[in-house]
Structure formats: structure tokens, C-alpha cells
Amino acid sequence: MPMYTVRPFHRAAGAVLAEHWPACMYRVPSLHRRLSPDASPTPQEEVDPVLQALESRQEEILKRLYELKSAVDGLSKMIQTPDADFDVTNIIQTDECSPSTTSGADLDLMLGKDYGALKDIVINANPSLPPLSLLVLHSLLCERYKILSAVHTHSSVKSVPENLLKCFGEQPKKQPRHEYQLGFTLIWKDVPKPQMKFSVQTMCPIEGEGNIARFLFSLFGHKYSAVTSTLIDSWVDTAIFQLKEGSSKEKGAVLRSMNAALGKASWLGGSELTVADVVAWCALQQTGGAGAAPDNVQKWMKSCENLAPFSSVMKLLK
Amino acid sequence: MPSAAGRGQGQDQDHRPDSKESAAADDYAKERYGVSSMIQSQEKPDRVLIRIKDLTVEKADEVVWVRGRIHTSRAKGKQCFLVLRQQQFNIQALVAVGQHASKQMVKFAANINKESIVDVEGVVRKAYQKIGGCTQQDVELHVQRIYVISLAEPRLPLQLDDAVRPEVEGEEDGRATVNQDTRLDNRVIDLRTSTSQAIFCLQSGICQLFRETLIRKGFVEIQTPKIISAASEGGANVFTVSYFKSSAYLAQSPQLYKQMCICADFEKVFCVGPVFRAEDSNTHRHLTEFVGLDIEMAFNYHYHEVVDEIADTLVQIFKGLQERFQTEIQTVSKQFPCEPFKFLEPTLRLEYCEAVAMLREAGVEMGDEEDLSTPNEKLLGRLVKEKYDTDFYILDKYPLAVRPFYTMPDPVNPKNSNSYDMFMRGEEILSGAQRIHDPQLLTERAQHHGIDLEKIKAYIDSFRFGAPPHAGGGIGLERVTMLYLGLHNVRQTSMFPRDPKRLTP
């Protein structure tokens, strides 16, 4: 039988001859050395700190689980009993519009963990009915974040007016894609309603201009009290369903209540510009009811138009 | 043409002895049918032949001459229904015993073999009800004369009706379809089907639109040699041919020549021509010979100038197809139903790392510098489609490690490269990159890849006398056709496909 010589794998001392340790392995203390007589006390007596840490972690997790369970139990009890004392004070604890210090990290918090890709918000909209409020929100977002904006035309539409293709204006100097915090991709497409897609894996598409506007506005990270949030939400719905799509009678009623609200505060949501103002202003612009609006509404519209994002969208209407 | 008909009558009798008595009987229409003598260009009659697709209600009650193939024939007592076909159009023709046709004539018409070419004179009549199964649904042709121009053999290797039948899942009614090999073995007949006609009309359209668009953009069409002395990419996958006393190779890409044209200051060039790959892969999308649509272009400062130009060319092609070839697209989708091709303008451009992130989000485990596997490519296509609703997109910035040696590395991240692939319905159709135009760097990269510098000396030398920065790419025509139409095999879109197992017809 033909044989060949091999160099010994172990030296006399037992050290392995390999010159480079493979990177995929890790060192283990020698199993044999433990058994030698002068070894440290037997492992049974000494509790391994790693094990201890593991145990305490388990305890902690169990404790949190119990806490969660009791919280869920409490909630379900509350929901199941129809007139449970709903403690409103508990919920209105958040400050009226806490100053937000949003950065990329908070975006991660709001939009969920990602795998390093550009967080791209895709909005499909019909060029015959441009969602102006989303364009205003886009420019507002641009003041806050580094946004990579893009406009595309889908093959389902034949032609898109030139001004809509340039609705984001001149793009600043291009940077590598991954340096942007957010992507904003507007696709002119033959869709009955504006549609937004963000993460196709974890999120279903959002439909309707008002709903998308709410989502975009939430990216600013403003915190409102439950009452203010409800107010803002209701103004958004009013603007979309009554001001934009409603009959002239409904429109008149909305304008009157807007007038009343704007008599008390400078913006629909109170002292600050919110998504309600954006959506309502755009609805008014698109329905062409701006001229007949009452005084306070007129004044409010002026103050909207003084803001750059609104005035740039005005140009699209012409 | 009474003389021809007379002669034809004689031949006809040779064919079918049972009709002997017909001569004896009083055949008042014997001048009106028969097998015409072979056309050897003996005369130039003034007869105008009308195209079948032009036979519409406006032509009602006109007497017309038509040349077509017998698509089907069905005799029923004193009448015979024929379907005459011309390319993808067909019309029903009726031969009925009456003033113009005798019993014998009806019998003759009913016995003409399918696929024979005939000249027919007839009156266009409005149909009382729509004729299903014909493209000309509102009219039919009442035949007055019929002459066989070229007779087909009675047995056909495959039936055209079977060849256009959509493949129903689960063998619903068990009706015959024709398998791929039978089709390819009898390609001439298979190509007559309305589906094949439409596919290749559309393919010609792609070529035409490619040329049109690029010429409008100021490109110059070049012709490159296909017999070359050295393999352009190191030596794998090339066919060797004997070349007098030595051997030569068949070009696996016109790349070297495209680049030489750029170095020769043509600035923007393209070529359309065969490309050979000696890859023994029997897949639905590999051929050993295919038509390459190749582009190479010098740019000013950034290779995206070229990417945008190529992507726009493809978008113009898609738009052109949508406008000019709607009938063909519909015809193909009757047999192979598929969603219409969707795209964005300008084309969506994603980066490789984003694609990897999207795949990881979908649960795929892969390394940063790993190439996309075919299933991952498809999955990515689905993910992109779901989010952006486009069947066409660009993937930019591939890892340097998975690209050929002449690819320009990324200026910021040395692990990336200035290279891109373009995808249609989740399958790659174009691969391209900014090429290294600096001989020094090119040498280094070649050495890094362990390529014998001697073999690519000519390539490197072409950049020694000043070379503009340039980028380009190559598109596979068959793949573009296949994916645009949503077909599943590239052999369907290659007229006479060549693969490791097929060299004929």
C-alpha cells in the first residue's frame, strides 16, 4: 500500500501547528487541563457568572411578561365593560405639542427598523387630480429631513402636464442615495384615489389623500393631546369628504364652522400649523370656493399662502 | 384565366381518379376551378389581389380576388365552408352549388389539402351574424372561382389550431397542444400561427425602435467582426472555429470593438448582431447564439449619463410597442395570457445594497457582496413590482467582486463598482458598466483577476493613446421580446433557436 509522509500535526507540547487560526472558530480552554490535580475547585461548587446572568435575565423577562399580562387583562376588562370609568386625564397627559427634536433616529422609531435601504415613500396619484396637500407636506418635510425626491410617470397614463413633472422644483445637488434620510417617490398613475406604499412587507397600502396626509404629518413627530388629535383628525375628514367631495350646501356649512374655529385660534388645530390646515387649504384651492369664504377663513388662507410650501403649490394650479 | 383552369382540370383528374365521371357529367363550372399551373412568371395579369385584412363591410358586394391558405375546410352537402388565412388574418369563404359553382366544384374545394395556397374570386357579403373564430367577423366571401396555386401535402406534422391553443391547466378538456420540440422541428409551419406571426412582428418592431431611438439620439450604428482572434473575457464560453491553419473564436460580445470605436472618437455607437456563448446551460433563457443589441457611449463626468440614455432608449421602445403593436400584443396574449408590461418614466433606479436590504427584509439570507441568484432576482422583481408597480428597473452599483475585470471601481467604496443591470419582469436583460479607460488601472485589475496579460494585450493597448471615459451595455433581443410579452421560453422568441441540444433547422 503506497503511503506518504505527513508533517506531525501536534508538537510535543501539544500545541497545534496551524499558523493562522481560521476566523470562523473560537478558542476553548483545554478540556484536559481542567482534570489535572492542580486545577481550580470543581465546577459544581462555583456558580458560573454567565449562568447567573442568564438566570437573572430570565427572571426579568418573566417579570415583564407578567406585567404585560396584567396590563392586557386590565385593558380587556375596560373594553368589555361598556361604561367603565374611562380615565381621560390619564390620556391627556402629553403636553400640547411637545417640541420635537426629530432626527434620523426618530424616523427609525416611527417607520420601523430597516435593513439599510433608503426609506422610500411611494405615492401613486392621478395627474387629473393632483394631491396638492401631499405636495405641501412634502415641502414641509424637506425643511426637516434630507429627502430624495423623484417624480415618475407610470405607463398607465399617456401624458402628464409639464408642471406636474416638475412639481418638486429644482433638486439640490445629487448625493449618494444612502445619505438621504427619506425617499419621496411620486408616481403619476391611473389610480382612482391617491395611494401610498411604504413597506410592502409589513404595511398595507394607505389610500386616500387625507389618510396619506396624516401619515406624512406624523413623520414630524409632533405629539398632541387626545383632544387636539381628534380635532385635527376630524378637520382632515371634513376637508376631504365635505369640502372637497361634498355638495355646495355642505361646503357652506364647513366654511361657516371653519370661520368660527378660526375666530378663536389662528390655525384649525390651535396655535400651530397642522395637517388639518394643509388639507383644508388645498381642498379650498381645488374646489375654487376660496373667493366666497368668510373673513376669518380669508385671513387664514392669506397666512397659509405666506408660507413658501403653500405658495409653490399655488403655482401648480395655474 | 380559362386556359390555366383547363390544364388544371387535367391534373386534378390525375390526383383523384374517382372524379373521372365528373368530366363526363355536365360540369357547367369546370372552367371555374382547378389546380393552376406552376407560376413561372409566364404572365403579368392585371388582377388585383386584396389583402384579407382589408376585407371589411365597406367592401360588401364587391367582387374581389384573394390569395390565401386553406386554414380549414368543412363540406356539408351542397356547400363547403373554407377559412382562408393570410398571416394572422382569416376570413370564411363559402362554396355553394348554384349559379357559379357546380357539385363537382364544391367537392373539389372540399378536398384541397389544408395549408395549400389558393387564389379565390368571390363576392364579399355581409355576414348575418358575427363569424366566431375568424378575424374578419362581419363579412364572408362567396366563392365564384378557386384555383390551387401550391398544394400542401395531405399530412401535416402539426395542426395550426393545436399550435395556437392556450395551454389550460389541469388538461381541462384534453385537447391537443403541440410540444416545444415538435414546434421547433417544424418551425416553418409553427411560424405560420397567428401567435408566432405576432411575436416576430413585434421583435422586428423592437429592432426598428431601437435603431430609430438611438439614431435620433445621435448614435452611429457600427458593424463588428464576429470571428475574432482572442476571447474578450479570458477564454471561457467561447466557440472555437478553425481558421485556415490556426483557430479563431466566435465573438461572445462586440464589447472590445465597441470600446475601440469609442477610442476612435465615434462617441456614441450601437450595433445589432449575433453573439455566441458556448455555455452548456439548458434553461428557459439561455441560447448559444442570440441577437445582441449593444450600446457604448462616451460620457462627460458621470456614467449615469449613459445609464439614463440606455434606460430612456428602452422606455421609448416599450412606448413604441404599446402604440404600434397593440394588435400583436393582444394576439399573443390570447394564447399566452399575461399582464400588460408596466414601466415608469424616468426609469426607477435602485442601488444594489438597497436590493439586498429589500431581500433581507423579505427573509432572504445573503452576503453584501454576493451575486443575485436567479430565484432572488425573481423575488426582487416581485418586491419592486409590488412597491413601485413597474416591470422594468435598474439595479446600480454592483459589488466589484461579481463583475468582470474591466469594470470601473466605485470612487468612494472600493468594494462597489460603477456597474448596473436592467431587469424586465424580474429577469436580467442588460448588463453594463463604466469601463476602465486607464491602461494602468486596467492592468492592475486584470492581474487581480488572474488574467493572462499577454492574451488581453491588444485590449489594454487600445487605451494607451488617450481614451474618453465611457460606459455601455448589451441587451439580448430574444429576452426582451420574451419578457415584454410575458412568455416563458426564449426559444419562442428566437426564430431558429440555437441551444446546446439544437442546431437545426
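Domain bounds here come from an automatic or database domain assignment. The model treated in these exercises is predicted.

## Exercise 1. The domains of chain A

Identify the domains of chain A, state how far apart their centres lie, and describe the side of domain 1 that touches domain 2.

**Solution.**

Step 1. The assignment divides chain A into domain 1, covering 104-218, and domain 2, covering 226-317.

Step 2. Taken over C-alpha atoms, the centres of domain 1 of chain A and domain 2 of chain A are separated by 23 Å.

Step 3. Contact between them involves 18 residues of domain 1 of chain A and 15 residues of domain 2 of chain A.

Step 4. On the domain 1 side, the elements giving two or more residues are α5 (132-144), α6 (162-165) and α7 (209-218) of chain A. Of these, α5(A) supplies the largest share, seven residues.

Step 5. Sorted by class, this side of domain 1 of chain A has 10 nonpolar, six polar and two charged residues.

## Exercise 2. The nonpolar cores

Determine which residues of the largest nonpolar core touch the most other members, and which element gives the largest share of that core.

**Solution.**

Step 1. The largest nonpolar core has 138 residues, and those touching the most other members are A:Ile123, A:Val136, A:Leu137, A:Ala213, A:Val236, A:Val279 and A:Ala280.

Step 2. Helix α10 (residues 275-287) of chain A contributes the largest share of this core, with nine residues.

Step 3. A:Val236 serves as an example. Leaving aside residues up to four places away in sequence, A:Val236 touches A:Gly210, A:Ala213, A:Arg214, A:Val275, A:Ala276 and A:Val279.

Step 4. A second, separate core holds 29 residues, including B:Val95, B:Val106, B:Ala109 and B:Ile146. In soluble globular proteins, nonpolar side chains tend to be buried together.

## Exercise 3. Chain B as a whole

Give the overall dimensions, the secondary structure content and the domains of chain B.

**Solution.**

Step 1. Along the principal axes, the C-alpha atoms of chain B fill a box of roughly 95 × 55 × 40 Å.

Step 2. Chain B contains 15 helices and 18 strands. Of its 505 residues, 41% are buried.

Step 3. Among contacts in chain B with a separation of 6 or more, 69% join residues 24 or more positions apart.

Step 4. The assignment gives domain 1 (2-150) and domain 2 (194-493) in chain B. The C-alpha centres of these two domains of chain B lie 50 Å apart.

## Exercise 4. Strand pairing in chain B

Describe how β4 of chain B pairs with β3 and with β6, and then set out the open sheet of eight strands.

**Solution.**

Step 1. Strands β3 (residues 79-86) and β4 (residues 89-96) of chain B are antiparallel partners over eight bridges. Within this pair, B:Phe81 stands opposite B:Leu94.

Step 2. The hairpin formed by β3(B) and β4(B) has two residues between the strands, and B:Gln87 takes a positive phi near 50° there.

Step 3. With strand β6 (residues 139-150) of chain B, β4(B) pairs in the parallel sense over three bridges. Here B:Gln92 stands opposite B:Glu140.

Step 4. The open sheet of eight strands in chain B follows the order β7-β11-β12-β18-β17-β16-β15-β14, with mixed pairing. Its edge strands, each pairing on one side only, are β7 (220-221) and β14 (348-351) of chain B.

Step 5. Inside that order, β11 (residues 268-276) and β12 (residues 289-298) of chain B run antiparallel and are joined by nine bridges. B:Cys271 has B:Asp294 as its bridge partner in β12(B).

## Exercise 5. The two faces of a helix

Explain why the buried residues of α10(B) line one face of the helix, and name what they pack against.

**Solution.**

Step 1. In helix α10 (residues 326-335) of chain B, the buried residues are B:Glu328, B:Thr331 and B:Val332.

Step 2. Viewed down the axis of α10(B), these buried residues fall within an arc of 95°, and they therefore line one face. An α-helix has 3.6 residues a turn, so residues three or four places apart point the same way.

Step 3. The buried residues of α10(B) pack against α7 (194-216) and α15 (477-485) of chain B.

Step 4. On the face of α10(B) turned away from the buried side are the exposed residues B:Gln326, B:Gln330 and B:Lys334.

## Exercise 6. Where the chains meet

Characterise the contact between chain A and chain B.

**Solution.**

Step 1. The contact brings together 16 residues of chain A and 21 residues of chain B.

Step 2. Strand β2 (residues 147-154) gives the most to the chain A side, with three residues.

Step 3. That side of chain A has six nonpolar, seven polar and three charged residues.

Step 4. A strand pairing also crosses between the chains: β2(A) and strand β13 (residues 344-345) of chain B are antiparallel over two bridges. A:Thr153 stands opposite B:Glu345 in this pairing.

Technical notes:
Residues numbered from 1 in each chain as written. Chains lettered and ligands numbered in written order. Predicted model: local features only at pLDDT ≥ 70, side-chain atom pairs only at ≥ 80, totals over all residues. Buried ≥ 20, exposed ≤ 12 C-beta atoms within 10 Å, placed from the backbone. Helix = DSSP H or I, 4+ residues; strand = E, 2+ residues; numbered from the N terminus. Arc of directions from axis to C-beta. Contact = placed C-beta atoms within 7 Å. Pairing = 2+ DSSP bridges. Core = buried A, V, L, I, M, F, W, Y, C linked by C-beta atoms within 7 Å. Nonpolar A, V, L, I, M, F, W, Y, C, P; charged D, E, K, R; others polar.
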